[in-house]
Each structure stands twice: as structure tokens, then as C-alpha cells.
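Subject: Structure for you to look at

Hi there,

Here is the structure I promised to pass on. Could you open it and follow along with the notes below?

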Amino acid sequence: MKTIISAALTGAWPSKKDNPALPITPREIAKDVFECYEAGASIVHLHMRDDSGQGTMDVRKFKETVELIRKRTDVDILLNLTTSGDLNATDETRQIHLRELRPELASYDCGTMNWMHKTIFLNPPQFLEQLGKTMLDCNVKPEIEIFDAGMVYNALYYLKQGILKAPLHFQFVLGAAGGMAASVDNLVFLRNLIPEGSTWSALGIGKAHLPIMLATLALGGHIRVGLEDNIMFAAGQPAESNAQFVRRAAELIKIAGNEIATPEDAKKILGISR
Ligand code: ZN
């Protein structure tokens, strides 16, 4: 099979203090996109930061970054823009960049949760309905992020309502405090809940990064790596770059006897027709 590598470059929470390799500015992010593409990533998942380094949904930052990436016409990597990661965002600012920039994919977080024992990650029903409709209108494929099993059932509800369309694509995010722990049992459990014909990818945060990646390969899923999820490459060894994670994932895919999906392959696998 062909395995998709998604690279999640920045996220909303890590800082340059945690790892100086974290890309923050549009230029830094675009540079990492190109390096990850060279290393075998076919999707990049992007968050923006403001000038002080805080997570922001400022559409101007998204625009500047996406323009830098799309200027390189030799790079056909698929863009997956976040719809969260800014505590001051409104329902509107979480969607406006999708209308303006029409990325191939965007995150669709299928439920509200207590986030890292600190705050609330709000995804109430009226927002999920609006967001689903915006994505349908703009032909943006939802990447349904699952932090907890109940979120799968929410996705099934929205599928029934016509707000999400099959085939669904899931991203299992394991090991975020407030969500499900990063264990192989939990991964298998979640994988068994999703409708037949769906595609899925997974990641483990922190120490569980490699075990979850290996289990995902064994189960036939796709892979997400990057500094959003892990600032350490291995115990006691901070990651040097996002591309370092992509290179290791690419090696493991080959060792598993799979092929690395190109962006064209990823479009076919995910049913993206653009
Ligand atoms: Zn994200």
C-alpha cells in the first residue's frame, strides 16, 4: 500500500524555547514545507503564530504563508490548514481562511474537550455544523481530528445529517492531556469504530510517537509527524527539524514494505478531486 506522511509543522502550543527549530514566521514555515516535501511528506498541516509567537487565526498570516508555498509551482504538496489553536478566535475567524485560500484539507475537531487541564477546546454543535457547511461549499476535505471516542460518534452523526460526506478521513490524536492516552489498544479501538471505506491517520504525542507510528503502519493507516506533536526526536534528543521526522517516517514506511504516497497519490487515496 501507499502510506501518506502528513507533517504538522508548528501547532498552537510549543515555543522556540521548547525547541528552537520550531517554525513560526511565514518564511520559516514555508521553508519547512519545502524540506518536508523533499523528504516525502504529501500533506502539511499548518498553524499560524502572531508576531509574539502566540497561536493566531489571523487570515493575513495564513495568506502570506500559503502564497509563499504556492509560488513554488514545482511543489504540489497538499495543504491542511488548522481551524483552531487561537484562544481569541471566533467561529468566523476559524473559517474565513478556508473561503479565501481553499486549501485541499482542513482540520475538523469533532467535539469539545478540556485541553491540557488548562482551558477548553471549544467545538460546539452550531460551530461544527457551520464549519462542515463551509467545507462543503469550498470543496475542502475535512480531516476529522479525534481526541476521544465520543468524537467518532459525533462524526457519524454529522455524516448522517449530510454535513460530512463519505468517505471520511480521520486523524487519531493520541496522548493529548484531556483526550485518550496513546496506547495501541486505544488506536485499535478507534480504528474499529470508523465506517468501512474511511481513511485514517494517527499520531502519538511525546514518548508514544514511535510505538503509535509502528502500530499505525501495522494496521494500514497513514502517518503524521512533526514538531506540533513532538519536540523531541528521541529520549534526550531534541528534534533538529520537521524534515528529520519525515525522513524517519519515510524510512519506516519502506522497511514496512509500503510505498511513500506522493501528493497525487494522497489526492486519490483521500478522494480529493481538485
Ligand atoms: Zn494542529
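Before anything else, please keep in mind that this is a predicted model. With that said, here is what turned up, beginning with a tyrosine.

**Aromatic pairs**

Y158 is buried, at a relative accessible area of 5%. Its partner is Y157, and the two rings form an edge-to-face pair, with 5.1 Å from centre to centre and 75 degrees between the planes. Y157 itself is partly exposed, with 44% relative accessibility. In total there are eight aromatic pairs in the structure.

Another of these pairs brings F172 and W200 together: the ring centres are 5.7 Å apart and the planes meet at 40 degrees, so this one is tilted. Both F172 and W200 are buried. F172 belongs to strand β11 (residues 169-174) and W200 to strand β12 (residues 199-204), so the pair ties together parts that lie 28 residues apart in sequence.

You will also find a cluster, in which ring pairs link W13, W115, F121 and F147.

Two rings have a charge sitting over them. The charged end of R72 is placed over the ring of F34, 4.4 Å from the ring centre. For F233, the charged end over the ring comes from R248, at 3.8 Å from the centre.

**Nonpolar cores**

In soluble globular proteins, nonpolar side chains tend to be buried together. Here the largest nonpolar core has 40 residues, and the members that touch the most others are Y108, I144, I146, F170, F172 and L190. If you would like one residue to start from, try L190: with neighbours within four places in sequence set aside, L190 contacts I146, A149, V152, F172, L174 and M180. Another core, of 39 residues, lies apart from the largest one, and L22, L79, L217 and L227 are among its members.

**The zinc site**

Which residues hold the zinc ion? The protein donors are H45 and H47, each through NE2, together with E228 through OE, and they lie 2.0 to 2.2 Å from the ion. Written as a sequence pattern, the spacing of the donor residues is H-x1-H-x180-E. H45 sits in strand β3 (residues 43-46), while E228 is in the loop between β13 (222-225) and β14 (232-234), so the two tie together parts of the chain that are 183 residues apart in sequence. H45 is buried, with just 2% relative accessible area.

**Salt bridges**

There are 13 salt bridges in the structure, and three of them are worth describing here.

The side chains of R224 and D229 meet in a salt bridge, 2.8 Å from N to O. R224 is buried at 3% relative accessibility, and D229 is buried too, at 8% relative accessible area. This bridge is part of a wider network: salt bridges with shared partners join E145, R224, E228 and D229. E228 is therefore a name you will meet twice, as a member of this network and as a donor of the zinc ion.

In another bridge, D51 and K61 meet at 2.7 Å, N to O. Distant parts of the chain are linked by this pair, with D51 in the loop between β4 (48-49) and β5 (55-56) and K61 in helix α2 (residues 59-71), ten residues apart. Is each partner buried or exposed? D51 is exposed, with a relative accessible area of 74%, whereas K61 is buried, at 15%. The cut-offs behind those words are under 20% for buried and over 50% for exposed.

The third bridge joins E28 and K16 at 3.2 Å, N to O. E28 is in helix α1 and K16 in the loop between β2 and α1, twelve residues apart, and this pair too links distant parts of the chain. Both partners are partly exposed: E28 has a relative accessible area of 29%, and K16 stands at 34%.

**One exposed lysine**

Last, have a look at K17, which is found in the loop between β2 (5-8) and α1 (26-39). K17 is exposed, with a relative accessible area of 83%. From the C-alpha atom of K17 to that of R274 the separation is 39 Å, and the two residues are 257 apart along the chain.

Happy viewing, and best wishes!

Notes:
Residues numbered from 1 in each chain as written. Predicted model: local features only at pLDDT ≥ 70, side-chain atom pairs only at ≥ 80, totals over all residues. Heavy atoms only, no water. Phe/Tyr/Trp six-rings, centres within 6.5 Å; stacked < 30°, edge-to-face > 60°. Buried < 20%, exposed > 50% of the residue type's maximum accessible area, 1.4 Å probe, protein only. Helix = DSSP H or I, 4+ residues; strand = E, 2+ residues; numbered from the N terminus. Lys NZ or Arg CZ within 6 Å of the ring centre and 35° of its normal. Core = buried A, V, L, I, M, F, W, Y, C linked by side-chain atoms within 4.5 Å. Contact = heavy atoms within 4.5 Å. Donors = N, O, S within 2.8 Å, 3.2 Å for Na, K, Ca; no water. Salt bridge = Lys/Arg side-chain N within 4 Å of Asp/Glu carboxyl O.
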